[in-house]
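This report goes through selected parts of one protein structure. Please keep the sequence and the 3D view open while reading.

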Amino acid sequence: MVTWFIFIMQFMWVWIDEFIGKGLDAMTILQFMGLLSLTLVPIALPLGILFASIMTFGNLGESSELVAVKSSGISIARFARPLFYFISILTVASFFFNNHVIPKAQLKAKRLLYDISNKKPVVAIKAGRFYRDIPNHTIYISSKESDGQTVNDIKIYDHRSGRGNDKITVAETGKMYVTDDKRYLVFELQNGWRYENKQVKDKNELEQIRVGFGYWKKIFDLSDFKMPQTDESYFKNLKDVMTAGQIANLIDTQKRQIARQLYANKELLMVQLSAVRRDTMIQKINLPTAIDTSYFYNRLSDSVKRLTMQAAEISVRSVKSMLEVNKQNVNLQYMSLTDNYIELHKRYTIPFACILLFVIGTALGSIIRKGGMGAPFIAAVSFFVLYHFMYTIGEKIAREMVVPVFVGMWSPSLVLALIGSFLMYKANTDSPLLNQEWYFRSWQKLREVIRKTKTGKQ
């Protein structure tokens with residue numbers, strides 16, 4: 001629960017700028033937090049399992065209960081077997097949760113975050129500044145009273161005509177407020193003037209109209225400031241909102257597209273080499289003579305030869321350009337295919353990390369033999385950072401196609417499996433691997449050996 005909350009706060013800190021000043025209601029924020037909490041479960045679950053296993057077996061070791069277990073002839077691995085079965089079931093459940101629930105939550109969260117990002121800020125007209133967020137209008141107020149509504153020295157510039165500020169409204173004082181449904185911004189102005197520049201028909205002249213008023217009510221429509229409602233189908237083609245089966249189908253489709261593109265490149269090249277192919281066929285059927293193109297070429301005039309060479313050069317350059325474009329398209333398709341493979345492997349590697357980190361946590365807790373939030377927390381964070389670092393590096397080199405996707409995505413799990421096996425072996429054999437006193441005694445013995453060696457040489 002703690003790790004899950006930490007990840008949520010980290011994500012919220014990244015996107016906090018998108019929320020400030022948007023006037024979001026509590027239900028929208030709670031809805032986003034709920035969707036975000038679901039999407040972060042697969043990331044927080046492995047760390048939570050690691051932390052819980054280290055604390056649990058650390059407490060058992062600190063209270064000498066593991067000593068009693070070992071004295072009865074039961075190894076740590078056997079003692080932790082029921083929990084291992086439970087974690088395995090939890091891993092399978094995590095996969096189905098990651099494969100079915102997370103894509104739907106991702107889809108709704110992406111749509112909501114997109115709508116929040118595109119929502120205009122709430123109307124916040126500050127004194128002494130020009131406000132331009134209302135389309136085709138600029139508003140200026142000199143000062144605002146303590147009640148938040150009474151304003152002084154108001155100027156409203158209307159440039160809907162596209163000819164500049166040809167309509168201006170000024171007033172000495174007035175009230176400014178937003179209606180309860182947040183749909184309209186209302187100005188109730190007093191003691192002011194309206195100025196309008198109007199072009200005279202069929203003349204290159206301007207006519208200025210000035211109208212004074214004692215009270216005038218101006219209403220602005222704020223419908224553009226509402227939260228947009230984007231259709232979820234707009235995001236359904238993103239790979240992180242698909243299930244593993246949908247990604248696998250997408251990979252098959254991309255493979256067929258790449259195969260068709262490669263075949264088209266081959267056909268394009270072979271058409272241009274038709275002359276070579278024809279000569280080859282003539283040789284295969286053992287004709288007595290082959291077509292000698294140089295004989296016809298030498299009988300052409302110099303001008304025709306030049307035109308022939310120019311036509312051939314243009315044809316070759318055209319084919320080369322088309323092949324280069326097709327090559328870039330194939331490379332882009334390979335990159336997209338690699339990304340989809342990575343996303344497919346993620347659906348399996350992240351849940352499988354729960355088992356590996358549980359084994360490591362069980363072994364570390366048995367070796368450390370300390371509970372609480374001290375050493376177990378440091379050990380848990382250290383191993384999780386190590387796994388996250390290896391996972392990030394493996395994903396990056398797989399995405400850049402330095403290594404196969406399978407190698408890049410599963411090599412961190414292999415390393416964790418080796419570390420877990422080593423630590424479990426040390427835990428079963430009562431190894432002093434993390435015993436500070438053992439390291440101190442070993443260092444003292446090493447210093448004694450070095451001292452005797454130097455004394456013997458002298």
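In which helix is the place of S94? S94 belongs to helix α7, which covers residues 81-118. The model described here is predicted. Is S94 buried or exposed? Buried means under 20% relative accessible area, so S94, at 9% relative accessibility, counts as buried. Setting aside neighbours within four places in sequence, S94 is in contact with L45 and P351.

**Helix α3**

Helix α3 runs over residues 26-39. How far apart are the end C-alpha atoms of α3? They are 20 Å apart, and this agrees with the expected span of 20 Å because the helix has 14 residues at 1.5 Å a residue. The buried residues of α3 are T28, F32, L35, L36, S37 and T39.

**Strands**

Strand β1 takes in residues 130-131, and strand β2 takes in residues 137-144. The pairing of β1 with β2 is antiparallel and has two bridges. F130 has Y140 in β2 as its bridge partner. These two strands form a hairpin with five residues between them, and N136 in the turn has a positive phi of about 65°.

Strand β2 also pairs in the antiparallel sense with strand β3, residues 150-158, over seven bridges. Here T138 has Y157 in β3 as its bridge partner. The hairpin of β2 and β3 has five residues between the strands, and G148 takes a positive phi near 80°. As background, side chains in a regular strand alternate between the two faces of the sheet.

**Nonpolar cores**

Which residues touch the most other members of the largest nonpolar core? In this core of 38 residues, they are L50, I54, I360, L364, F383, L416 and L423. The elements giving two or more residues to the core are α4 (41-62), α11 (302-368), α12 (375-399) and α13 (405-428). Helix α11 provides the largest share, with 13 residues.

F383 can serve as an example of the contacts involved. Leaving out neighbours within four places in sequence, F383 is in contact with L50, I360, L364, I419 and L423. Another core, of 17 residues, lies apart from the largest one; among its members are I139, A171, M176 and F220.

**Aromatic rings**

How many aromatic pairs does a search of the whole structure find? The search finds eleven. One pair, Y387 and Y391, is tilted, with 5.7 Å centre to centre and 40° between the planes. Because they are four residues apart in helix α12, Y387 and Y391 are separated by about one helical turn. Y387 is buried, with a relative accessible area of 7%, and Y391 also counts as buried, at 10% relative accessibility. Elsewhere, F95, F96 and Y348 form one aromatic cluster.

**Charges over rings**

The table lists two charged ends that sit over rings.

| Charged residue | Ring residue | Charged end to ring centre |
|---|---|---|
| R210 | W193 | 4.5 Å |
| K218 | F220 | 5.1 Å |

F220, whose ring lies under the charged end of K218, is also one of the members of the core of 17 residues.

Methods
Residues are numbered from 1 along each chain as its sequence is written. This is a predicted model: local features need pLDDT of at least 70, side-chain atom pairs count only at pLDDT 80 or more; totals for chains, interfaces and linings use all residues. Side-chain values use heavy atoms; hydrogens and water are left out. Buried means under 20% relative accessible area, exposed over 50%, partly exposed in between (1.4 Å probe, protein chains only). Contact means heavy atoms within 4.5 Å. Two strands pair if DSSP finds at least two bridges between them. The expected span of a helix is 1.5 Å times one less than its number of residues. A nonpolar core is a set of buried Ala, Val, Leu, Ile, Met, Phe, Trp, Tyr and Cys residues joined through side-chain atoms within 4.5 Å. Rings of Phe, Tyr and Trp (its six-membered ring) pair if their centres lie within 6.5 Å; planes under 30 degrees apart count as stacked, over 60 as edge-to-face and the rest as tilted. A charge sits over a ring if NZ of Lys or CZ of Arg is within 6 Å of the ring centre and within 35 degrees of the ring normal.
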